[in-house]
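Reader: I'm new to this one. Could you show me the structure and walk me through it?

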Amino acid sequence: MTENDALERALIWGGASDPPPLPDLSEAAAAAGLLDVAYATLDSPVGRILLALTPRGLVRLAYLDGDAPEDAVLGDLAARVSPRVLAAPRRLDGPRRELDQYFAGTRRRFELALDWRLTHGFTRRVLRATARIPYGTVSSYRGVAADAGSPRAFRAAGNALGSNPLPIVVPCHRVLHAGGGLGGYTGGLERKRVLLTVEGILPADQ
């Protein structure tokens, strides 16, 4: 760093070695009607997660990885829900706390309001049926298709589960092949195994 760089840093930041933290603007933005989607991230046993909340409820839970970086998830929310998307960690304290409790084994049921607007038609019916599968139990693709009103549409049910915008909370990991095989999972089978292990469905060493 040159002397000029050091002087500029001192003038801008008052001599601090790091920039001051940005103020939390979420409350002011909400009061001004400029916050439609609040989001925050969470480190978990299945990797880093992004949570997004609207006034209706939790609208998105996304696994952040190479296939779904944070910017891409936020861009999708801006396009499909509202461009008024803002980091507002305090507004996600409740969902993050419930997820921490779930992974710690102290929560068996989420008590979160859900915003279903990213789902439609048969997909929504399948996911609502999936949301009713109790903790620690499993169903099959044919089972959730039947619960959604179309017992023969089990392949379409698989596609619906693959597009689940609220994994974990809407527990598509509890849906297995009829023969007991794991089936697929958008977040990857290793994540599915972790979630099933948390719930005691799979032994810890499997």
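Author: Here are some questions and answers about this chain. It's a predicted model, where local features need pLDDT of at least 70, side-chain atom pairs count only at pLDDT 80 or more, and totals for chains, interfaces and linings use all residues. Residues are numbered from 1 along each chain as its sequence is written, and side-chain values use heavy atoms, with hydrogens and water left out.

Reader: How many helices and strands does the chain have?

Author: Helices (H or I, at least four residues) and strands (E, at least two) are DSSP runs, numbered from the N terminus. Read along the sequence, they give the pattern α-α-β-β-β-α-β-α-α-β-α-α-β-α. The count is eight helices and six strands.

Reader: What percentage of the residues count as buried?

Author: Buried means under 20% relative accessible area, exposed over 50%, and partly exposed in between, using a 1.4 Å probe and protein chains only. The chain has 206 residues, and the buried share is 39%.

Reader: How many residues are in the largest nonpolar core?

Author: A nonpolar core is a set of buried Ala, Val, Leu, Ile, Met, Phe, Trp, Tyr and Cys residues joined through side-chain atoms within 4.5 Å. In the largest one, the residues with the most contacts inside it are L61, L99, V126, L161, I168 and L195, and its size is 37 residues. Elements supplying at least two residues each include strand 1 (37-44), helix 4 (93-103) and helix 5 (121-131). At least three residues come from each of two domains, with bounds from an automatic or database domain assignment: domain 1 (34-104) and domain 2 (121-198).

Reader: Which residues does L195 touch, beyond those up to four places away in sequence?

Author: Contact means heavy atoms within 4.5 Å. With residues up to four places away left out, L195 touches V46, Y63, Y102, F103, I168, H173 and Y185.

Reader: And I168: is it buried or exposed?

Author: I168 sits in the loop between helix 7 and strand 6. Its phi is near 75°, a positive value in a residue other than glycine. With a relative accessible area of 0%, I168 is buried.

Reader: How do helix 5 and helix 7 pack, parallel or perpendicular?

Author: Axes are lines fitted to C-alpha atoms, for helices over the stretch in contact, and angles run from 0 to 180 degrees between N-to-C directions. Here the angle is about 80°, with the axes 9 Å apart. Under 35 degrees counts as roughly parallel, over 145 as roughly antiparallel, 65 to 115 as roughly perpendicular and the rest as oblique. So helix 5 is, relative to helix 7, roughly perpendicular.

Reader: Which residues of helix 7 make that contact?

Author: On the helix 5 side you'll find F122, T123, V126, L127 and T130. On the helix 7 side they're A156, A157, A160 and L161.

Reader: Is N164 buried or exposed?

Author: N164 is in the loop between helix 7 and strand 6 (175-176). Leaving out residues up to four places away in sequence, it touches R60, L127, V170 and C172. Its relative accessibility is 8%, so N164 counts as buried.

Reader: What about D147, buried or exposed?

Author: D147 lies in helix 6. Beyond neighbours within four places in sequence, D147 is in contact with A129 and R132. Its relative accessible area is 51%, so D147 is exposed.

Reader: What separates the C-alpha atoms of D147 and A129?

Author: Along the chain, D147 and A129 are 18 residues apart. In space, their C-alpha atoms are separated by 5.9 Å.
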